[in-house]
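Please open the model in your viewer and keep the selection panel at hand. The stops below give, in turn, what to select and what is found there.

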2 protein chains.
Amino acid sequence: MKNAPDLSAQIAKSIRDAIVSGDLPIDERLPSEAELSEQFAVSRSTVREALKRLAAQSLIRTQRGATGGAFVNRLTFEQAYGQQITTSALLLSMNDVNFDTACEARFALERACAPLSAQRRTADHLATMRAEITRQAQPGLSDESFCASDVAFHRALVDGAGNPVLSYQLAGAVEAIEPLMNMITFTARDRSHIVGLHTAIADALDASDAPLVDKLLADLATYTAQLGQSVAAEKNGAKKITPKAN
Amino acid sequence: MKNAPDLSAQIAKSIRDAIVSGDLPIDERLPSEAELSEQFAVSRSTVREALKRLAAQSLIRTQRGATGGAFVNRLTFEQAYGQQITTSALLLSMNDVNFDTACEARFALERACAPLSAQRRTADHLATMRAEITRQAQPGLSDESFCASDVAFHRALVDGAGNPVLSYQLAGAVEAIEPLMNMITFTARDRSHIVGLHTAIADALDASDAPLVDKLLADLATYTAQLGQSVAAEKNGAKKITPKAN
DNA sequence: AGACATTTAAATGTCTGACAAATGAAAAAT
DNA sequence: ATTTTTCATTTGTCAGACATTTAAATGTCT
């Protein structure tokens with residue numbers, strides 16, 4: 001019944017609550033480890049384990065030296081991106097999320113920011129997108145590099161919406177799917193089709209034609225889902241053939 | 001120049017990479033702390049700090065006792081929801097994200113899953129939404145409870161899309177905005193307008209009328225943004241009045 | 001042989017004390 | 001006044017000990 005968590009977990013929670021509630025403002029210095037161990041009536045090691053837990057969540061940073069200590073850390077969008085991406089990637093791989101589901105989520109979300117991007121994208125975003133398109137058209141490119149460039153292209157599209165919260169939320173959806181995409185073998189024909197759609201999307205964004213961007217993204221979603229289907233089909237086929245041997 | 005991270009951070013990264021790469025499968029038991037401290041040639045305390053970092057990210061779980069140890073943890077959608085929500089909430093509050101930006105992101109994402117929800121929502125989802133609408137219409141409800149119910153309503157809408165990845169991504173956007181919404185004072189007229197829109201949305205979902213859901217969500221977005229604007233206006237006004245006193 | 005009680009070994013959780021390393025500030029020297 | 005030195009504070013790391021939990025091994029009785 002009793003599921004008493006570790007002392008270090010309790011202490012971490014206590015400090016975390018103080019940070020989340022705003023009781024401890026940004027850049028505020030926490031008491032030293034020695035002081036905390038007195039306050040909580042535990043040993044220094046236990047306090048340290050609690051602090052490491054918080055550090056792993058980017059809630060605090062530590063500095064050594066006379067004026068050092070643990071400080072409440074301002075969570076930047078950069079740091080949040082990173083956590084979001086690794087968490088999303090793990091979630092997908094550990095729960096055997098199928099390609100269709102991940103793909104559907106990704107394009108649904110991406111289409112959500114397409115109108116905003118058509119309205120606000122800067123020349124910089126367009127330049128990034130066109131640069132990635134050029135890379136994707138190079139003949140000797142590996143499948144992995146192609147996927148990475150695909151991700152960069154879509155990131156630029158999302159960033160074009162000019163809403164950092166959207167970019168943050170989308171980071172997980174767009175990047176976490178990369179490992180799944182890496183399982184696909186892209187034929188020359190596949191690539192040229194995708195590059196064509198990317199080009200059309202860039203052009204439509206250039207012309208601020210939101211409905212067209214939406215339609216093209218829908219096409220891309222359909223096409224990508226088909227590519228994924230063929231991979232899944234091969235897998236299922238293999239799985240079904242094996243028992244047949246009995 | 002030299003930015004050598006702590007030993008415990010290095011060891012945590014080493015183990016984390018092994019987990020993310022799939023080298024350590026789910027439910028695999030890590031070597032004991034004593035063994036790890038030998039392998040990495042560090043003390044047991046250092047190993048423990050590394051393990052606590054991983055535990056804070058839900059990458060491992062630990063068990064005491066003879067057959068205990070640290071095990072690679074399957075990251076569940078539940079756990080991921082929680083992390084996503086707290087991270088998003090912190091990100092918004094720590095970076096002074098204004099209401100407009102958060103609101104825009106939230107409704108853009110929500111509209112993305114509206115068509116899917118119109119297509120797939122179950123009777124259960126609709127029942128939850130109508131129950132929340134009923135609660136929202138109660139006269140004595142506090143602003144906080146009203147907001148909480150609002151969040152529950154929108155969660156049901158999102159979950160109706162039947163895509164766990166979408167639900168996970170949206171959790172942050174929908175729930176993290178709650179603290180910002182809590183700063184709004186809802187008049188009786190505001191509430192009745194919102195309840196009216198919620199009812200219309202539930203009806204439209206019931207009728208699987210995706211375009212209508214989209215339109216209603218857009219209306220709700222506009223209305224919510226207006227409410228937020230008035231709060232921001234009061235704040236700015238107050239800020240500008242103070243210096244006038246000089 | 002089977003059921004129950006006891007012991008034991010292995011593992012994490014916690015504590016204590018110590019030293020190393022970094023670092024800014026105060027004190028001392030020039 | 002400026003530079004150098006000393007010093008106190010704080011985190012990082014280590015070693016060893018004991019407490020607690022847990023399941024398996026062992027022993028005991030029916």
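## First stop: DNA strand D

Select Arg48(A) together with DNA strand D: an N or O atom in the side chain of Arg48(A) is 2.9 Å from a phosphate oxygen of the strand. Please bear in mind throughout that this is a predicted model.

Next, add Asp6(B) and Leu7(B) to the selection. The side chain of Asp6(B) places an N or O atom 3.0 Å from a phosphate oxygen of DNA strand D. Leu7(B) approaches with its backbone, where an N or O atom lies 2.7 Å from a phosphate oxygen of DNA strand D.

Now display every residue around DNA strand D. There are 24 of them, and those that come nearest are Arg44(A), Arg48(A), Leu7(B), Thr46(B) and Ala66(B). Colouring this surface by class gives five nonpolar, 10 polar and nine charged residues. For secondary structure, look at α3 and β1 (60-63) of chain A and at α3 of chain B, each of which supplies at least two residues of this surface.

Which parts of the strand face the protein? Of the atoms of DNA strand D within 4 Å of the protein, 69% belong to sugar or phosphate, and the rest belong to bases.

## Second stop: DNA strand C

Move to DNA strand C and select Asp6(A) and Leu7(A). A side-chain N or O atom of Asp6(A) is 2.9 Å from a phosphate oxygen of this strand. In Leu7(A), a backbone N or O atom lies 2.8 Å from a phosphate oxygen of DNA strand C. Then select Gly65(B), where a backbone N or O atom lies 3.4 Å from a sugar or linking oxygen of DNA strand C.

Extend the selection to the 24 residues around DNA strand C, of which Leu7(A), Ser43(A), Thr46(A), Arg44(B) and Arg48(B) come nearest. By class, the surface near DNA strand C has four nonpolar, 11 polar and nine charged residues. Elements that each supply at least two residues here are α3 (44-56) of chain A, and α3 and β1 (60-63) of chain B. Of the atoms of DNA strand C within 4 Å of the protein, 67% belong to sugar or phosphate, with bases making up the rest.

## Third stop: the contact between the two protein chains

Hide the DNA and select chain A and chain B. How many residues does each chain bring to the contact? Chain B provides 48 residues and chain A provides 48 residues. The two chains bury about 4,100 Å² between them, with 64% of this area on carbon and sulfur atoms. Highlight Leu75(B), Leu91(B) and Met94(B): these supply 16% of the area that chain B buries against chain A, more than any other three residues.

Turn to the polar features of the interface. Between chain B and chain A there are 16 residue pairs in polar contact and four salt bridges. To view a salt bridge, select Glu49(A) and Arg48(B), whose side chains meet with a N to O distance of 2.8 Å. Arg48(B) was also met at the second stop, among the residues that come nearest to DNA strand C.

Colour chain B by helix. On the side of chain B that touches chain A, at least two residues come from each of α1 (7-20), α3 (44-56), α4 (77-94), α5 (99-120) and α8 (164-175). The helix that gives the most to this side is α4(B), with 10 residues. By class, this side of chain B has 26 nonpolar, 13 polar and nine charged residues.

## Fourth stop: Thr101(B)

Select Thr101(B), which is located in helix α5 of chain B. Its side chain makes a polar contact of 2.5 Å with the side chain of Asn98(B). Leaving aside neighbours within four places in sequence, Thr101(B) is in contact with Asn163(A), Pro164(A) and Val165(A).

## Fifth stop: the relation between the copies

Superpose chain B on chain A. The operation is a rotation of 180 degrees with 0.1 Å of shift along its axis, and the RMSD is 0.1 Å. The two copies are therefore related as by a two-fold rotation axis. Because 100% of the interface residues of chain B are also interface residues in chain A, the copies meet through the same surface.

## Last stop: a salt bridge inside one helix

Select Arg106(A) and Glu110(A), which form a salt bridge whose closest N and O atoms are 3.3 Å apart. Both residues lie in helix α5 (residues 99-120) of chain A, four residues apart, about one turn of the helix. Over all chains, the whole structure holds 32 salt bridges.

Terms used: Residues are numbered from 1 along each chain as its sequence is written. Chains are lettered from A and ligands numbered from 1 in the order in which they are written. This is a predicted model: local features need pLDDT of at least 70, side-chain atom pairs count only at pLDDT 80 or more; totals for chains, interfaces and linings use all residues. Side-chain values use heavy atoms; hydrogens and water are left out. Contact means heavy atoms within 4.5 Å. Buried area is the accessible area (1.4 Å probe) that two parts lose on being put together, summed over both. A polar contact is a pair of N or O atoms within 3.5 Å; within protein, one must be able to donate a hydrogen and the other to accept it, and residues adjacent in sequence count only if both atoms are side-chain atoms. Ala, Val, Leu, Ile, Met, Phe, Trp, Tyr, Cys and Pro count as nonpolar, Asp, Glu, Lys and Arg as charged, and the others, Gly among them, as polar. A residue is near a molecule or strand if one of its heavy atoms lies within 4 Å of it. Copies are superposed by least squares on the C-alpha atoms of residues with pLDDT of at least 70 in both.
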